[in-house]
Amino acid sequence: MITQQMEEVLEAVWTAKEQGGTTWKQVASMAKVSLTFELIKSLLDEHLIEQKDEHLNLTPGGNELAREIIRRHRLAERLVMDVLGVDIQEAEDNACEFEHSLALGVTDSICTLLGHPTRCPHGHDIPEGKCCNQARSDVKPLVLPLTALDVGGTGRIAYINTRNFPRLQKLSAFGISPGVTIKLFQKSPSVVLQCEETQVALEPEIARDIYVRQQE
Ligand SMILES: [Zn+2]
Ligand SMILES: [Zn+2]
């Protein structure tokens, strides 16, 4: 039986590792629950983590489970941010509450609905699901890369999928930022779009980082 508290610890071990640390102390600083000896013991008993000296690491089984939890959490964040329009601080609390109640099948549907985002609003990688590799999908995405719009199509920018700040600044200098409505004029050789009163031409590589909510 994996409790919610155990899931929180697995998530913390994953996040600590992502940021380069595996010590008990580093994991504790990431955890939203207090890292008690009993909690660690229950994870050791379930063979989800291994302990060596002061280091905590995920076992292959624990890694698989943590990956799924992280995926749910970060997709939940994207969902509350992009679809419900809730700000990031509140998103953290809400996402944390309902990540535990999202079922596996639902996770992939949400991923598809959001256009298979690769990063959460904090810029962390979202582990890929099966849906991300499937060409065909049953759910029409609500949010999709700008380059997936038809020429002549209109969309409202949901988010920009980059951690490259100079690039973000450049885009925002053009007026390209979340919430703004744009119209796509051309896809190649460069991507040309209308943003407010301005026409902007972008390299396709940059345009692919812009995710929009399609408008009818
Ligand atoms: Zn996040
Ligand atoms: Zn996906």
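**A walk from the second largest pocket to the zinc**

Start at the second largest pocket, which holds about 280 Å³ of space. Keep in mind as you click around that this is a predicted model.

To find the middle of the pocket, select R78, C120, P121, I160 and T162: out of the 17 lining residues, these lie nearest its centre. Now colour the lining by class, and you should get 10 nonpolar residues, four polar ones and three charged ones.

Next, bring up the cartoon. Which elements supply at least two residues each to this lining? Pick out α4 (60-83), β4 (154-160) and α8 (165-173). Stay on β4 for a moment, since that strand gives the largest share of the lining, three residues. If you prefer to colour by domain, light up domain 2 (65-133) and domain 3 (143-215): the pocket lining takes at least three residues from each.

Now go back to C120, one of the residues nearest the pocket centre. C120 also leads you to the next stop, because its SG is a protein donor of the zinc ion (ligand 1) and the residue itself is buried, at 3% relative accessible area.

Select ligand 1 and show its protein partners. Along with C120 you'll want E77, which donates through OE, and H122, which donates through ND1. Check the distances in your viewer: the donors lie 2.0 to 2.4 Å from the zinc ion. Along the chain, their spacing reads E-x42-C-x1-H.

Last stop: H122. Is this donor buried or partly exposed? With a relative accessibility of 38%, H122 counts as partly exposed, whereas C120 is buried.

Note on methods. Residues are numbered from 1 along each chain as its sequence is written. Chains are lettered from A and ligands numbered from 1 in the order in which they are written. This is a predicted model: local features need pLDDT of at least 70, side-chain atom pairs count only at pLDDT 80 or more; totals for chains, interfaces and linings use all residues. Side-chain values use heavy atoms; hydrogens and water are left out. Donors are N, O and S atoms within 2.8 Å of the metal (3.2 Å for Na, K and Ca); water is not among the atoms, so sites may look incomplete. Buried means under 20% relative accessible area, exposed over 50%, partly exposed in between (1.4 Å probe, protein chains only). On a 1 Å grid over the protein atoms alone, a cavity is a set of points where a 1.4 Å probe fits but cannot get out, and a pocket is an open set with protein on both sides within 12 Å along at least five of seven lines; lining residues have an atom within 4 Å of a point. Grid points are joined across faces, edges and corners, and a volume is the space filled by probe spheres set on the points. Helices (H or I, at least four residues) and strands (E, at least two) are DSSP runs, numbered from the N terminus. Ala, Val, Leu, Ile, Met, Phe, Trp, Tyr, Cys and Pro count as nonpolar, Asp, Glu, Lys and Arg as charged, and the others, Gly among them, as polar. Domain bounds come from an automatic or database domain assignment.
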